[in-house]
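Hi everyone, thanks for coming. I'd like to walk you through one protein model today, so please have the viewer open and follow along with me.

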Amino acid sequence: MHTESRCLACGPVPPLHVPEHIGPEIVSSVVERIMAGPTGGTPAVPLWSPWPLPPGWTVTGVGWAGDDRTGVRATVVACAGPAPLGGGPADVVFVAEEPGVGLGTRLAGMPGPDPGPRLTEALADPGPGHPEHVATAKIRVGGHPTPLWPVDSSPDRSAYAGEARGMWLHAIAWPASAGHLLAEDVVLHDLTEWTPPELVYGAPSPYLHGKA
């Protein structure tokens, strides 16, 4: 018997909560959950979303990992829009998490709770990776230039990892070529600080509901 949620491969993990629908009231409820954590009204984990949204893109999902005992330990925001190189739709999720949670690596299709070993490999020997991979992504996170490095992932997607506010930051894109979006002028904003009323919402992301 165990009191915590467990993964058969990784052991204890914080449970993931993903609302079935998406809209301003859902985002507001997740922000309230983050703010109600054990830090007394100070968000422990940011909720990163592109803002302004790239042309044609919408927010398609939001979620958090944790429980009432530990509070929120990871967050995820999903977006969808036209693929940057054409050829159909694309999906991108942004994950902020404490070390050892494993949400970002799970969505990337990587083993283990942290991207650290694969990030070390990427920095030491970038290699070709996916043919669609682009160079290191340089986005702005909370007003600061933030590099993200491509890391190994399942072949149907591309994954990037880096650090922001002392936590892991992951960006995972489907299809793999959609990672080129991160070569554009992407700015991530923390929705716990302010949620733009102009955010546009789309159909719920399948990658937050079991497809990843």
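**A walk through the model**

Let's start with how the chain is put together. Among contacts between residues at least 6 apart in sequence, 61% join residues at least 24 apart. Please keep in mind that this is a predicted model. Along the chain you can find 3 helices and 12 strands. Of the 212 residues in the protein, 48% are buried. As for the outside, the protein exposes about 10000 Å², and carbon and sulfur atoms supply 58% of that area.

Now please turn to helix 1, residues 24–35. Does its length agree with what we should expect? Let me put that in a better way: how far apart are the end C-alpha atoms of helix 1? They are 16 Å apart, and this agrees with the 16 Å that 12 residues should span at 1.5 Å a residue.

Next, look at which way the side chains of this helix point. Ile26, Val27, Val30, Val31 and Ile34 are buried in helix 1. These residues cover an arc of only 135° around the axis, so they sit on the same side of helix 1. Pro24, Glu25 and Glu32, on the other side of helix 1, are exposed. And what covers the buried residues of helix 1? The cover includes strand 5, residues 58–67, and strand 6, residues 71–82.

Let's move along to helix 2, which runs over residues 103–108 and contains Thr105. Is Thr105 buried or exposed? Its relative accessible area is 0%, so Thr105 counts as buried. If we leave aside neighbours within four places in sequence, Thr105 is in contact with Met110, Gly112, Pro113, Asp114, Pro115 and His170. You can also pick out Ser153, which is 48 residues from Thr105 along the chain, with 8.3 Å between the two C-alpha atoms.

Another residue I'd like you to click on is Leu188, in strand 12, residues 187–190. Leu188 has a relative accessible area of 1%, and therefore it is buried. Which residues does Leu188 touch, not counting those up to four places away in sequence? They are Trp48, Ser49, Pro50, Phe94, Ile139, Arg140, Val141, Gly142 and Leu169. His144 is 44 residues from Leu188 along the chain, and their C-alpha atoms are separated by 9.5 Å.

Two names from that list come back when we look for empty space inside. Rolling a probe the size of a water molecule over the atoms shows where empty space is left. The structure holds 2 cavities of 30 Å³ or more. The largest cavity has a volume of about 40 Å³. Its lining is made up of Pro50, Pro54, Trp57, Cys79, Val92, Phe94, Leu181 and Val186. So if you have Leu188 on screen, its contacts Pro50 and Phe94 will lead you to that lining.

Now for the backbone, where I have a few spots to show you. The peptide bond from Trp51 to Pro52 is cis, with omega near 0°. You'll find Pro52 in the loop between strand 4, residues 48–50, and strand 5. Trp174 and Pro175 are also joined by a cis peptide bond, with omega about -10°. Pro175 belongs to the loop between strand 11, residues 167–174, and strand 12.

Staying with the backbone, what is the phi of Arg165? It is positive, about 55°, although Arg165 is not a glycine. Arg165 is in the loop between strand 10, residues 158–164, and strand 11. With a relative accessibility of 47%, Arg165 counts as partly exposed.

Let's finish with Pro204, in the segment after strand 12. Pro204 has a relative accessible area of 40%, so it is partly exposed. Which residues does Pro204 touch, not counting those up to four places away in sequence? The answer is Glu20, His21, Thr60 and His209. Gly23 lies 181 residues from Pro204 in sequence, yet the two are 9.6 Å apart in space, C-alpha to C-alpha.

That's my tour, and I'm happy to go back to any of these places with you.

Terms used. Residues numbered from 1 in each chain as written. Predicted model: local features only at pLDDT ≥ 70, side-chain atom pairs only at ≥ 80, totals over all residues. Heavy atoms only, no water. Helix = DSSP H or I, 4+ residues; strand = E, 2+ residues; numbered from the N terminus. Buried < 20%, exposed > 50% of the residue type's maximum accessible area, 1.4 Å probe, protein only. Contact = heavy atoms within 4.5 Å. Areas by Shrake-Rupley, 256 points an atom, 1.4 Å probe, with all protein chains shown as cover. Expected span 1.5 Å × (residues − 1). Arc of directions from axis to C-beta. 1 Å grid on protein atoms, 1.4 Å probe; cavity = no way out; pocket = protein on both sides within 12 Å on 5 of 7 lines; lining within 4 Å. Points joined across faces, edges and corners; volume = space filled by probe spheres on them.
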